[in-house]
Structures are given as structure tokens and as C-alpha cells.
2 protein chains.
Amino acid sequence: MCPRAETAPAKAVAKEEKILEAARKRFAYFGFPKVTMDEIAADVGLAKPSLYYYYPTKESLFRAVIASEQTRFLGNLEALLARETSAQAKLRNYVDLRYDLFRELANLSALGTQTYTEWKSLSGDLFRALEEKELGMIHSVLLQGERSGEFGTPDPLHTARTLLHVMHGLRLRLCAIPTGAVLENEAYAALRKEMDLVITMFIDGMKSHHSHLH
Amino acid sequence: MCPRAETAPAKAVAKEEKILEAARKRFAYFGFPKVTMDEIAADVGLAKPSLYYYYPTKESLFRAVIASEQTRFLGNLEALLARETSAQAKLRNYVDLRYDLFRELANLSALGTQTYTEWKSLSGDLFRALEEKELGMIHSVLLQGERSGEFGTPDPLHTARTLLHVMHGLRLRLCAIPTGAVLENEAYAALRKEMDLVITMFIDGMKSHHSHLH
DNA sequence: TTGTCGACTATTTTACCAAACAGGTCGAAA
DNA sequence: TTTCGACCTGTTTGGTAAAATAGTCGACAA
């Protein structure tokens, strides 16, 4: 209520986020090892030791960056699933969001694969936690689809997991393997089309499974 | 006809294959850089220079190893497609074979990912050529399924490519990302199940697409 | 002619050391 | 509460000498 009462902490939080943003940019462009704390400090107009007032280690700062990206994604995803639509529509929307996150992460990482695996190793637990939540959401959508009679699967959890792995696999493949496409954009457009086809196949496959049970 | 006429070259060919086999084992266990030509030579009871009589460079030997593995796979695949069965059955058999090749390559490479990407970079053209042929075969099976009325796709080539990419993506993911599974065998069993589910979804999806056109 | 190898070359890896660098700490001062 | 100068310490870097390895050549043998 009183603006003054919030001033001191608000300022600290604001600075924390400025640091986070500067770090995100640096890490994204140059990768974790090539970024120095001095540089990040300079970006936000501070000296190195001041950074340690907000983040105890370089790694914790990095993890904070990852966590913030993931939180944003999860927020969007949750909002999406909360909206009252068909399970199919939700699955397609999920693909949309997933693609966007892939795209963003790739955009920010000059070096593709390298950064990706680097991130994975530095904060594998975060990634695993994200996948866990992502899996849970897909799973719940599949269950919704089953309840509402849109489609069915013999094993919704297995299907959800496979779907998740397929999407990540496609993305990983794109990063790990030099595609024929010269332009990065082309490669991503192809990824997009493949993700769409996969989700279509899964939806149609699940519909047909359901109708077999009729 | 005359056994004598074949003796000299036959012996040479046999030795060539002994070298190939020794090299395969070494490369598989230790990876390309950690293997020396002396070691391979010793394995087959020769001195290093003799190897160069059969293979002009270390890399050519390595490529010969890869090529032989791939040829075997392609042979099996072709034999499979030649057999007179339904397109569905062929797709499922393709998954079988593909899985086996994944499994074998992984079995032979102590270091998983590392070796995989190493191989890719050293003989990317071979891998690309293999994928090209693999793609062609999947494509032809999809076309067969369409002709025979088993199922249909709006874009068979795109579907074939996506299927290929999905399978490779799943495998790649397994290599690149430390899974929760402690035992490697578990991880591969999971891969197997996922590959099966994907092909099921694709088959069902394509069936339903076909029946929509009815 | 086909196949083998000992001895040699050229290039890459390794081993090592010193200097620079970068993550992290501390106490003082706004 | 927030900032920073000075300091500490483990790691990376650069350069070099020694070792190892891919690849060559000419001689020798089947």
C-alpha cells in the first residue's frame, strides 16, 4: 500500500532482476564458461563483489537464469491448460508453446548444442524437474481427453512420456546434427512442421484407439 | 571355378576383413582417437606398415568399418521390404531393425554419445547417405500402404521424414541425456517401447486419415 | 606381382611450468 | 542494507620440449 515501505526491498529485487537479465544475455551469447562475473557486474554498473551480495555463486546465478526461463514457460503452459478447451486443442497449444521455448533457447544460444548440453549438465535437476511437470501436464490432458471421450490410449502415462521424449528428441536432433538447411530458420521451420505432424498423428491415433473401443 | 585362381585375392580379402573386424572392436571400445594403427596391426599379427597396404589411411579404415555396419543394416532392411507383407508389418519390422542397429552401435561404443557424435563428424556423409536410403525405403512403404488402401497421408514424404527423425531423435536423446535409469538395459527397453508406441500412433493415425477420405 | 616389414620423417599429443585470470572472501565504508 | 578495494586461491592459458603416432620408402621374401 504505502509506496515508501516497499522502496528498499523493491530496489533490491529490481537490481536482482537487472543482474539476472544481464546474466541471461551473456550466458546465452557466450555460454557459461566464457562469461566472467566482472563482465556481468560491469553490465549492471556494479563491482564484482556486489554480485555476491545477491547470488552466492556463479552457478547459482546461472541456475536462477534457467529457473526464470522455465518458470515463465510453465506459467504459460498452466494458463493454457486452465483455459476451457478441448484436449486436442490443448495438445496443439502445448506444441506451440514448446516450439516457442525451443526457438527462444536456440535464439539465445549462439552455439546451439554446446550450450544446450552445457545447460543440461549444469542444471540437470532443473531440467528434469521441468520435464516432470511438463509430463504431468500432458498426462492430465490425455486423461481429460479420455474422460471427455475425445480419444483414448491403453497407457496414458506412457503415451505422455513418449510424446514428451519425441518432442525433445526432435529438438535435440536439430541441435546435435548439422542439417542440410543452410539457414537456421529453415531448420526451425522444418522442426515446427515435424512437431505438428507428430501431434496430429498422436491425436488421430488416439482418436482411432478410442473409436475401436467405441 | 578354379580354386587356385582365387587363392591369392581371396587371402587378401580375408586379411582385409580380419583387419576390419579388429578395427571395429578397437574403435568401438576406445573410440577413434584412442586407437593406434600399431594396436590394430598387432591384433591381426602384422606390422603397422602392412595395414597401409590395405587401407591408405586410418580414417579410410574407420570409414570402412562404418560402411560395413551400414551395409549390413541396409541389406537386412532391403530383404525385409522385399518380403511380401502388409505395409504395416513392414513398418513394425523396420522399427525392429532400427532398434537393433541402435542397440548394437551403443553396445559397441563404451562411451555412448561421444562415440556417436565422433562417428558422425568423421563420416557424416556416410550417415547422411544411410539416412537418405532409409528415408527412401520408409517412403516407399508408405506409398505401398496408400496404394493397397491400408492407410493414407497428406504428404507421405514429409511423414516418412518425420518418422525417421523421430526415431533418430529418440535414440539421440537416450545417448545425450543421462536418463534416470541406472541400468543401460532399462533405458534401452524404454526406448524400444517408445519406438513401438510411436509407430503404432503413426499407423493408427494414417489409418484414420485414410478412413476419413474413406 | 603380392605381401611384409625395419628404419625413417613429419606432425600431432602430451607433460610440464610459469604467468595471467577468474571465482570467491573479508573488512571497511557509505 | 548495499557497495567495493584489496586479497587469496584454484584453475586456465601460453609456450616449449619430449614422446607418441600417422604415414612413407626401399629392401626383402613368397
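Chain A of this predicted model has a mean pLDDT of 84, and 81% of its residues reach 70 or more. The start of the chain is another story: over residues 1–10 of chain A, pLDDT stays under 50. In that stretch the model has zero contacts beyond four places in sequence. Where pLDDT is low, the predicted coordinates should not be read in detail, so keep that in mind if you were about to pull distances from residues 1–10 of chain A.

On to the overall make-up of the chain. Chain A has nine helices and zero strands, and reading along its sequence gives the pattern α-α-α-α-α-α-α-α-α. Of its 214 residues, 46% count as buried. If you take the contacts in chain A with a separation of 6 or more, 72% of them come from residues 24 or more positions apart.

Now for how some of those helices pack. Two packed helices are described by the angle between their axes and the distance between the axes. Take helix H4 (residues 58–82) of chain A and H7(A): they pack at about 5°, with axes 10 Å apart. Because angles under 35 degrees count as roughly parallel, H4(A) is roughly parallel to H7(A). On the H4(A) side, the residues that meet H7(A) include A:Ile66, A:Phe73, A:Leu74 and A:Leu77. Among their partners in H7(A) are A:Leu126, A:Phe127, A:Leu130 and A:Met137. Sorted by class, this contact of H4(A) with H7(A) has 11 nonpolar, one polar and five charged residues.

H7(A) has another partner to look at. Helix H7 (residues 124–147) of chain A packs against helix H8 (residues 156–176) of chain A at an angle of about 130°, and their axes are 9 Å apart. At that angle, H7(A) is oblique to H8(A), and H7(A) passes H8(A) in a right-handed crossing. From H7(A), the contact draws on residues including A:Leu135, A:Ile138, A:His139 and A:Leu142. H8(A) brings, among them, A:Pro156, A:Leu157, A:Ala160, A:Leu163 and A:His168. By class, the contact of H7(A) with H8(A) has nine nonpolar, three polar and four charged residues. A:Glu134 turns up in the contact with H8(A), and A:Glu134 is also listed where H7(A) meets H4(A).

Over in chain B, look at helix H4 (residues 58–82) and helix H7 (residues 124–147). Their axes come within 10 Å and cross at roughly 5°, which makes H4(B) roughly parallel to H7(B). Residues making the contact include B:Phe73, B:Leu77 and B:Leu81 of H4(B), with B:Phe127, B:Leu130 and B:Val141 among those of H7(B). The class breakdown for H4(B) with H7(B) is 11 nonpolar, one polar and five charged residues.

Two single residues of chain B round off the tour. B:His165 sits in helix H8 (residues 156–176) of chain B. Is B:His165 buried or exposed? At 13% relative accessibility, B:His165 counts as buried, because the cut-off for buried is under 20%. Leaving aside neighbours within four places in sequence, B:His165 is in contact with A:Leu170, A:Arg173 and A:Glu194.

B:Ala47 lies in the loop between helix H2 (37–43) and helix H3 (48–54) of chain B. With 45% relative accessibility, B:Ala47 counts as partly exposed. The C-alpha atom of B:Ala47 is separated by 9.1 Å from that of B:Met37, with the two positions 10 residues apart along the chain counted as their offset.

Terms used. Residues numbered from 1 in each chain as written. Chains lettered and ligands numbered in written order. Predicted model: local features only at pLDDT ≥ 70, side-chain atom pairs only at ≥ 80, totals over all residues. Heavy atoms only, no water. Helix = DSSP H or I, 4+ residues; strand = E, 2+ residues; numbered from the N terminus. Buried < 20%, exposed > 50% of the residue type's maximum accessible area, 1.4 Å probe, protein only. pLDDT = per-residue confidence, 0-100. Contact = heavy atoms within 4.5 Å. Axes fitted to C-alpha atoms, helices over the stretch in contact; angles between N-to-C directions. Parallel < 35°, antiparallel > 145°, perpendicular 65-115°, else oblique. Left-handed = near helix turned anticlockwise from the far one by under 90°. Nonpolar A, V, L, I, M, F, W, Y, C, P; charged D, E, K, R; others polar.
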